[in-house]
Amino acid sequence: MDYTIVIGLEVHVQLTTESKMFSSCGTEFGLPPNTQTDPVSLGLPGTLPVMNRKAFELALKTAVALHAEIARFTKWDRKNYYYPDLPKNYQISQYDLPFSTGGWLDIPQRKDGTGGGKCRLTRVHLEEDTGKLIHAAGGFSEVDLNRAGIPLMEIVSEPDIRTPEDAKACLEELRLTLRYLGVSDCEMQEGSLRCDANVNLHIDVGGKTVATPIAEIKNLNSFRSVERSLYHEAERQFKKWKEDGKTIKDAPKTTRGWDDVEGLTKPQREKETAADYRYFPEPDLVPVVVDDAWVDRVRASIGELPGARRQRFETDYGLSPYDANVLVEQGEEVADYFDAVAKETGEAKLASNWIQQDVLRTAKEKKISLAEFPVRPDALADLINRVKRKELNTNQGREVLGHMIETGQAVEAVIKAGGYGMVSDRDAIASAVDAALLANPKAIEDLKGGKKKPDAVKGFLRARS
């Protein structure tokens with residue numbers, strides 16, 4: 001008896017703006033609780049919202065990059081519900097006329113060549129974030145409204161994902177894409193990227209497919225948690241189906257919370273429907289009309305995205321899929337750095353090795369970004385070219401790079417100061433050997449007498465150098 005795991009994702013992304021979605025209040029993270037609020041975010045009487053155009057453009061940029069269909073007319077809606085972190089008792093969102101529908105995201109294959117594929121999207125829409133509940137000891141909760149009103153983009157996928165590993169890979173690729181677009185920092189630990197996962201099973205029973213009730217999993221604070229929770233929930237649903245006599249009971253969609261410590265999901269509530277939220281058009285905001293010129297300007301602002309860059313690194317530079325992925329997934333500044341070095345040296349594989357083995361390792365050790373790395377791409381390319389021309393051997397090259405990092409000096413200055421270089425003149429090499437032999441007669445005698453202990457050999461080699 002077989003079953004298929006069916007997974008869909010709902011991803012919430014805080015957009016990188018200086019002000020909130022419908023007010024001029026700031027969006028800085030990490031301020032003391034309830035110090036970044038204003039009358040609009042609190043829903044005080046007499047306040048009116050004004051749309052943040054920058055937030056709308058960032059969301060529009062995302063939708064275009066994800067191949068979505070852009071609506072030329074979109075409106076805002078009130079989503080009504082009562083919860084302590086929602087001071088207005090409604091959230092301004094989009095319901096029946098979102099600004100984009102459809103689209104897709106390509107999920108890369110895993111290192112072993114399995115998984116991957118195209119995940120279709122249902123929609124990308126825009127709304128305002130809610131506040132945050134902080135559950136304290138003693139059974140009570142505190143409310144922090146600093147994030148209430150921050151621009152929040154929701155990306156909803158179709159149930160196209162079939163394994164927890166692909167769900168994790170989809171989220172990783174989406175985060176990388178959003179960072180390349182520059183629309184969000186996507187820091188899960190700060191709450192700027194959050195995910196809910198919807199999952200159920202399609203079970204093959206005598207050639208017929210039966211589906212278990214859908215569970216929405218919340219409280220997922222890492223991509224690893226997403227993967228673990230989906231495996232657990234699939235096992236739980238299959239076990240429940242067997243306990244129920246291998247029949248599907250009529251049950252509504254439920255919401256379950258993931259407990260990362262215990263490694264299981266726990267029931268929270270039955271999932272609300274659209275009717276429960278009593279959506280109606282937001283009366284205080286005008287609709288948004290998007291013309292072709294606006295879409296064209298946004299499309300022109302989109303640079304090379306991760307999938308296209310991986311493909312180019314493999315096709316144009318001849319990199320392996322592994323090397324191409326390592327460079328791309330490190331972020332746009334690493335991929336740009338590699339691009340510059342590879343073009344200057346004409347040796348993509350060599351450039352990749354130096355960047356992965358030396359540049360990224362050193363940047364990680366020093367806890368600095370590549371923008372802060374003291375050796376710029378043209379300087380590294382100069383060093384690599386000298387190694388290619390055999391002016392330096394590889395070990396010398398790495399020593400020179402170390403001095404460049406520490407001192408900030410150019411390649412030529414470090415080479416001259418350290419006396420680095422390879423001698424290719426045979427007569428010069430022969431003269432240096434003769435001089436070393438004449439200066440160390442005892443070492444020669446010891447070696448001729450059969451004394452081959454390390455100290456004698458090392459002494460002779462030191463003398464030669």
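Which residues lie nearest the centre of the second largest pocket? That is a friendly place to start with this predicted model, and the notes below go from the open pocket to the closed cavities, then to some single residues.

1. **The second largest pocket.** Nearest the centre of this pocket lie Pro108, Glu173, Leu176, Arg310 and Asn325. They belong to a lining of 38 residues, and the space in the pocket comes to about 1,200 Å³. If you colour the lining by class, you will find 15 nonpolar, 8 polar and 15 charged residues.

2. **What builds that pocket.** Five elements each supply at least two residues of the lining: the strand β7 (104-107), and α3 (164-181), α7 (306-317), α8 (321-329) and α9 (332-345). Which of the elements gives the most? The answer is α3, with 10 residues of the lining of the second largest pocket.

3. **Helix α8 from the inside.** One of the pocket's contributors, α8, deserves its own look. Its buried residues are Asp323, Ala324, Val326, Leu327 and Val328. Their cover includes α3, α7, α9 and α10 (348-366). Just after α8 comes Gly331, with a positive phi of about 120 degrees.

4. **The largest cavity.** Turning to closed spaces, the structure holds 3 cavities of 30 Å³ or more. The largest cavity has about 60 Å³ of space. Leu9, Val11, Leu66, Leu105, Leu121, Ile155, Ser157, Cys170 and Leu174 form its lining. By class, this lining has 8 nonpolar residues, 1 polar residue and no charged ones. The elements that each supply at least two of the lining residues are β1 (3-14), β11 (151-157) and α3. You have already met α3 in the lining of the second largest pocket.

5. **The second largest cavity.** How much space lies in the second largest cavity? About 50 Å³. Its lining consists of Ser41, Leu86, Pro87, Lys88, Tyr90, Glu128, Asp129, Thr130, Ala148 and Gly149. These residues divide into 4 nonpolar, 3 polar and 3 charged.

6. **Ser41, a lining residue to zoom in on.** Ser41 sits in helix α1 (residues 39-42). Is Ser41 buried or exposed? With a relative accessible area of 7%, which is under 20%, Ser41 counts as buried. Its side chain makes a polar contact of 2.5 Å with the side chain of Asp38. Setting aside neighbours within four places in sequence, Ser41 is in contact with Lys20, Ser23, Pro87, Lys88 and Ala148. Among these partners, Pro87, Lys88 and Ala148 also line the second largest cavity.

7. **Cysteines without a disulfide.** How many disulfides does the model have? The count is 0. Why does Cys186 have no such bond? The closest cysteine sulfur, in Cys195, is 12 Å from the sulfur of Cys186, and a disulfide needs the two within 2.5 Å, so the pair is too far apart for a bond. Cys186 is buried, with a relative accessible area of 0%. Cys25 is buried as well, at 10%.

8. **Two unusual backbone angles.** Most residues other than glycine have a negative phi. Cys186 is not a glycine, yet its phi is positive, at about 55 degrees. You will find Cys186 in the loop between α3 and β12 (193-205). Lys367 also has a positive phi without being a glycine, with a value near 55 degrees. Lys367 lies in the loop between α10 and α11 (377-388). Here the two surroundings can be set side by side: Cys186 is buried at 0%, whereas Lys367 is exposed, with a relative accessible area of 77%.

9. **A long span across the model.** Finally, where does Val433 lie? Val433 is in helix α14 (residues 426-439), and it is partly exposed, with a relative accessible area of 27%. The C-alpha atom of Val433 is separated by 72 Å from that of Leu152, and the two residues are 281 apart along the chain.

Notes:
Residues are numbered from 1 along each chain as its sequence is written. This is a predicted model: local features need pLDDT of at least 70, side-chain atom pairs count only at pLDDT 80 or more; totals for chains, interfaces and linings use all residues. Side-chain values use heavy atoms; hydrogens and water are left out. Buried means under 20% relative accessible area, exposed over 50%, partly exposed in between (1.4 Å probe, protein chains only). On a 1 Å grid over the protein atoms alone, a cavity is a set of points where a 1.4 Å probe fits but cannot get out, and a pocket is an open set with protein on both sides within 12 Å along at least five of seven lines; lining residues have an atom within 4 Å of a point. Grid points are joined across faces, edges and corners, and a volume is the space filled by probe spheres set on the points. Helices (H or I, at least four residues) and strands (E, at least two) are DSSP runs, numbered from the N terminus. Ala, Val, Leu, Ile, Met, Phe, Trp, Tyr, Cys and Pro count as nonpolar, Asp, Glu, Lys and Arg as charged, and the others, Gly among them, as polar. A polar contact is a pair of N or O atoms within 3.5 Å; within protein, one must be able to donate a hydrogen and the other to accept it, and residues adjacent in sequence count only if both atoms are side-chain atoms. Contact means heavy atoms within 4.5 Å.
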